[in-house]
Amino acid sequence: MIRVASLFTAGTNCDEETMLAFEMAGAKSERVHLNLLKKNRRLLEKYQILAIPGGFTYGDYISAGKILANELQYILEHSITEFIQAGKLIIGICNGFQVLVKAGILPGFSQKQSVTLDVNDSNRFECRWVYLKANPKSPCVFTKDIDMMPVPVAHAEGKFVVDSEKTLKKIKKNNQDVFTYVNQKGGKAQYPDNPNGSIEDIAGICDSTGRIFGLMPHPERASSIYQYPDWFMSKHMQEPIGLKVFKNAVKYAQKNL
Amino acid sequence: MKNIWRIEICKKGVNPEAEVLKHSIREFGIKGLKDLQIIYIYYLQADLSEKEVYKITQQYIYDPVSEDSKILRLEDSKIERKRNSIEVIYRPGVMDPTAENVMTALADLGYQDCQVRTAKQYIFSGQLTQKQIKNIAENLLYNPLVQETLRDSKILRLEDSKIKKTDVQVQYIDIINKTTSELMDISKSRLLALNAKEMQVIQKYYQKLGRNPTDIELETFAQTWSEHCKHKTFSTDITFKDGKKKQVIKGLLKSYIKKVTQELDRKWCLSVFEDNSGVVEFDHKYGISFKVETHNHPSALEPYGGAATGIGGVIRDCLGTGLGAKPIMNTDVFCFAPPDMPKHKVPKGVLAPKRIIKGVVAGVRDYGNRMGIPTASGAVYFNEGFVANPLVYCGTVGIIPRNKINKKIVNGDLIVLIGGRTGRDGIHGVTFASLELDGESKHVSSGAVQIGNPIEEKKVTDLMLDARDQNLFNATTDCGGGGLSSAIGELGKTGAVVKLEKVPLKYAGLSYTEIWISEAQERMILFVPKKKLTAFLKLSKMHNVETSVIGEVNFSNRLILKYYGKKVGDIDMRFLHDGLPKKEMNAEQTQTAETIHAKNGKRKTSTDYNQTILKLLSSYNIASKEWVVRQYDFEVQGKTSIKPFVGKKNNGPSDACVIKPIADSNKAVVISCGVCPQYQKDAYWMAASAIDEAVRNIVAVGGDPDKTAVLDNFCWGNPEKPEILAGLVKACQACYDIGKVYGTPFISGKDSLYNEYKSIEGETLSIPSTLLISAVSIIPDINKTITMDFKRPDELIYLIGKMPLSLRGSKSDRSNLRGLPHSLQSFAMTAEEILKFNPRLSIKIFRALHRAIKSGLVSACHDLSEGGLAIALAEMCFAGGIGAEVFLKNTTEAQRHREKTRKDSVSSETLCLDGESVLLFSESNTRFLVSVPKEHKSRFESLMKNVPYTEIGKTILSDRMKIYGVKGKSIVNLELKKMEKVWSNSLSSAMQ
C-alpha cells in the first residue's frame, strides 16, 4: 500500500480534501503534524509521497508559505533531502507550492530561491474555475496523460515570477513548466483565465526529475464529480480529471517505490 | 536596553497594492499625485547582533525574488522621515497579527524575547500639500481607533510581555448609600449600561448583605445582565397597543419564536435555542449546526476588524456547540449604503460607504479564508438608511457527531482556557452594543474595537476537534461578549472558583476586572476532567495552543473570583442568573399600515422596457455581487456542490448553496437566506416576505420545504421607542404565523438592537428595521438538486405562483432606482401595495414544485425576487447562454380564465394586470420561473394542478431574450451578452 504523508501545521486547511483525493486514488493517507516530524526525524521514511496541502500556514502574513519553507529548509532539511534522494514524490498545492518554491526545492536549480509567487495583479484574493493545459513534453509524473484540465484557483499570491531570464529559459528548456493557464478553448489566456498575471501563464512547475511538483490551482477540488460546477450536466463524466493527478502519483509509486 | 531594529521591505517591480491605492486617491479627488511607494516595516526589539537580524530577515521576512530589504538600527541611525511620507502602525495593545506570527516563528527558532511591531510607510511623490497627505491618510490609510501615525520617538515603546505581580487592592464601589440618580451616574461613568431599576435591585441585594460590591462583582452584573447576554427586549413583558386593541405579550421569544418550534415539535430538530447554535438531524450519525450573529457596531467604527471578529465570533459559536461542531461553511449578509452615495449626504463622523464596504468584505475574507471555511452563501443589500449603521451578519454551519451534542457539568472538572492571550481589547463590547452610537463613540468605545488573529482560531479549532474525538473534555463554550465573565458565569452556573492571575496576558498592567471582562478574541473555555489534563496538555502542545488551568467547577452555587490568593469577588449564582428585574416595555403601532392598491397600474409608463431591464440589471441590489464573492474561498474543503455562481460561465446567481459534507454519502445540506429591508411600511409583511424568500430559495434548488429549519436575526433601532418596538412585535407575530403554516421551526436566533446613530448635529438616524431569515434543509440525494441556468433550448418555461397585483415596495426606494426612467420611478413610488400573500397557498406551491423537482421534471428553477419576472428570466438566460421567448398574454389570459372558473378573490383588483410593468417587474412573493423539457409537460402540469401556474414561453437556440406584451407585440428584445455585461460590471466598477 502506498502511504501519503499530508503535512499539517498551523493554518493548513486543505488537508482533508487532499487526503481524500489520495485515498480515492488508492493510497493510504495520513495527516502528519510538523511538530511530530520535528520530534521524530525518521518519521517520513515510511511514506512514499509527501503532500503539502493548501492553506495559510502561520497566517501567510509576511510572505505566503515563507515560514514553513524555512522550517523545511533548516529544521527538517535532513529528512526532506533524504526523502528526495530516495526518489520519492512531493506535491505542493497552492500554499504548498509557495512553500516548495521558497524553500528552493522548486525549480531546484540550486538551494537558493530563484522563482516566487507574488501578489496577484488584481491585488485581491480570487476564487474561480480556470483551465490548465499540460506540457506534453514535461517529465512530471503527476500529469501523465493529462491534456486540458478545468480546476479551481483560490489565492491572493499566485503570480509566478522568476529572478532572471536565465531561470525562465532553463525551466522551459527542461520542460519543467508543467501547467499553463489557457482559455476555455485552449488558447492564450487573458485575465481572468490567467487569474494572477503569472509570466508565460505558468500555473505549476516540477523539478528536473518530474517527481517534485507544485501548482497554484487545486486538483483535489476537481477530484469528484460533485465538485465540478456543471456536474449535473455531465453526470456521466468517466473520471474527474483532477483525480488523475493523484492516480498518476500513486501508480508511479506502486511501480517504482 | 535592547536594540530596536527597523527592517524595511520594498517590492521590486510594480506593487499592486500601491496601484490600487493610487487609483483610490485619484478617485477621492486628489490630483497631483505622481507616484506612491509602500514600504513594509518590521520593528524588532531584541538582544540581537546585526548578523542575526540579517539572518532573520533573510529567512523569515523577505522574498529575494520579488523584494528588496534594508536593515537599520534605530539608536544610531536617525530615520529619515520625509515630509512627503506617512507611517501607519497599530496602536500598542491592538492585535497586530503579522507581528504576532513573526514572534511565534522567532520563538520557534529560539529567539524567545523578541518584541515585534509592524508598520507601513507610504511615500508620495508629486505635488501634494501636507494637508492633502493628512487627508489621504485619514480617509484611506488608517483608522485612528486601532492605528496611529508614527512620530519619531514613539516606536521606542514596544510593550513588554513580562508580567509583574502588582499589589492587589480590592476595589469596593459604594452603592448601598446612594440615591437613584447617583446610581445612574455610576452606571454611566463605568459604562455598565444598567438602568435605574437594575441598579436598585443590585443595591438592595448588597444592602441585605451589608456591604458594597467590589468592582468586579458590579461588572459581572453589567455583563451578565446586558442586552447582548440576556436579550431583555425579547424576554420581557410588552404592552402592545395596536389602534384600539391593547395586549400584554409575555415575552416575544416565548410567545412567538420559540412557540412555533414547540408546537411543530419536529423530531429532526436535535437542539434548539439552548446551545450556541441550533442543530438539526443530518443522518443517523451526524447533526448540522447553524448560527448567525451580527457585528454591527464594531463594523461601523472599524469595518475590517469589526467584520473579521464578527466571523471569528460566530465560528467560536460553532465550536462551542455541544462538544464542538466542525465548521463547514460560513454565510455573510451585509446591508450597506450604496458605494457612490454623495459625500454631502454622509453624516459627519461616519466613515464613507465605500470604505466600510471594502473593509467589511476584506475582514470576512481574511478571516474565513485563513480558517479554511468556505464562505458560500449570503446577500448584499444597499440602502442609504444604513450609512451610519451598516449591518454585518455572519453565520457558521457546522457538522457534529450526534453523540457530541450534549455537554456535561461534572463537579471538580478543571476550567481550562485555550487560545489567544488576554489584553485590554474588547473591554465593554457587550455593554457598548446596548448603547446608541454617536459622533463621540470613537472616543469612549475604542476598547470595544478589535483586530482578529485567524490563525490562532484555526489552531484552537484543530485542537478542539482532536480533543473532542479523544473525549478529553466534558463541556465547552466560547469566550465572546462579556469574555470570561459570561463564559464561566453561563457554563459554570452550578458554581466555580476562578484564579484570575492564571490567565495569560498580552502585556502587564491589566487589573483583575479587566482580565475578567476582556473580550480578547480566539479563546475558548473547556471543562476538563482532572485525570485527562495530561493528555489534553500534550495535545495542545502539539497544536501550539497556549493552555491554562484557571479554576474549577463545583456545585456550591457560588462564583468565587480570586487574584493572587485574595478573594476579589463572591457572587450568588442564583441571584446573578435569576435576579434581573423584568423590564416593562411599551409598544405602540402609531399608524395602521396603509394599503395603497395598485390603482395606477394602468398608467402609461415608459415603454422602452429594454432600457429599463438594463438599468435594473445594473442597479446595485440586482447587479452581480461577484466583486464580493470571488474574494471568498467558497471552494475550500472541496464540498461546495452548488456554488454561489452557476451556469455555463459560472456567473449565474445561485438561489442557495448546496454542500455535500460526507464524501461517501449523497446527502447534502442546503443553505439560503431571505432579507427584505426595502419593505419598511409594515414590519409584519417584511418579516413574512423574508421567511418566504428564504424558503423559496431552498425550494428553488431542490430542498424540501417540510424539512427546512430557519434562524432569525433581528436588527432594529432603539426598542425603548414604542413605535420601533411595535414593528418588532409585528415581525415576531409574522414569524409565528408564517412559520407555523410553513412548518419551519426556528432553531436559533439573535438580536441586535439600538442600531441608531446620533449625528454631531443631534439628529438621530435609525436603521431600516431588518430581519434576516437564514434557512437550512437536508437533501437526501444530491442528484435531485438543480440550478437556475437554462440548460437546453426548446424547453417550456412556466411561471409558478399567483399573478402579481402590483409593483411591490422595493423599487419605491429611490436609491434602488438609480437611473430608472422617471416614469417608472413615479409609477413604483405610488404603486406600493402591502405585499400580502396567503401562506396556506404558498406552502402548497412549495410542496408541488418540490415534488416536480424531486421527480426530475424541472431542468432549471429561479425564484422571483428583486426585479421580478424580467430580471429572473434575464439571469436564467445569460447564465445558461440560452435565449427565451416569453408571452405575457399567457399570464393575463390564464388569470382571467382562473377567475371566471373559480371566482378568485382578487378579481376586483385585476385591472392592473394589464400593466406590463407590473407583470415584468413585480416582486410579489412565492413565485418561481422554471424550465421543463417538453416530454415532461403533462406530468409536470398534473403535479401542479392545484396551484397557480402558467406556461409563458420556451427557451430558444438564440442569443436573445424576447418578451411579447399583453397584446402580442414585441416589448423586449435584448442580447444576452449585453445584459450579462451590465449586470456583471456595475458593482465591480463602482468598487474599483
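Begin by selecting chain B and chain A together, because the size of an interface is often given as the accessible area lost when the parts come together. In this predicted model, chain B and chain A bury about 4900 Å² between them, and 55% of that area lies on carbon and sulfur atoms. If you now colour the residues in the contact, you will have 63 residues from chain B and 57 residues from chain A on your screen.

Next, keep the contact in view and show the side chains. Side chains of opposite charge can pair when their charged atoms come close. Between chain B and chain A there are 7 salt bridges, and one that you can select is the pair Lys11(B) and Asp118(A), whose side chains meet with 2.6 Å from N to O. The two chains also share 23 residue pairs in polar contact, counting pairs in which both residues are at pLDDT 80 or more.

Stay with the side of chain B that touches chain A, and pick out the elements of chain B that give two or more residues to it: among them are helix H1 (16-27), helix H2 (50-61), helix H3 (97-109) and helix H13 (353-371), as well as strand E24 (640-642). Colouring this side by residue class gives 22 nonpolar, 21 polar and 20 charged residues.

Now leave the contact and turn to the cavities, of which a search of the whole structure finds 11 with a volume of 30 Å³ or more. The largest cavity has a volume of about 810 Å³, and to find it you can select Gly378(B), Ala379(B), Lys625(B), Pro653(B) and Ser654(B), which are the residues nearest its centre among the 40 that line it. Strand E13 (375-382) of chain B gives the most to this lining, with 7 residues, while other elements of chain B that each supply at least two residues include strand E28 (668-675), helix H23 (683-700) and helix H27 (868-880). By class, the lining of the largest cavity divides into 21 nonpolar, 11 polar and 8 charged residues.

For the last stop, consider the salt bridges over all chains, of which the structure holds 69. Select Glu200(A) and Lys172(A), whose side chains meet in a salt bridge with 2.5 Å from N to O. This pair links distant parts of the chain, 28 residues apart: Glu200(A) sits in the loop between strand E9 (177-182) and strand E10 (202-206) of chain A, whereas Lys172(A) belongs to helix H6 (residues 165-173) of chain A.

How values were computed:
Residues numbered from 1 in each chain as written. Chains lettered and ligands numbered in written order. Predicted model: local features only at pLDDT ≥ 70, side-chain atom pairs only at ≥ 80, totals over all residues. Heavy atoms only, no water. Contact = heavy atoms within 4.5 Å. Buried area = accessible area lost by both parts, 1.4 Å probe. Salt bridge = Lys/Arg side-chain N within 4 Å of Asp/Glu carboxyl O. Polar contact = N/O pair within 3.5 Å; in protein donor to acceptor, adjacent residues only side chain to side chain. Helix = DSSP H or I, 4+ residues; strand = E, 2+ residues; numbered from the N terminus. Nonpolar A, V, L, I, M, F, W, Y, C, P; charged D, E, K, R; others polar. 1 Å grid on protein atoms, 1.4 Å probe; cavity = no way out; pocket = protein on both sides within 12 Å on 5 of 7 lines; lining within 4 Å. Points joined across faces, edges and corners; volume = space filled by probe spheres on them.
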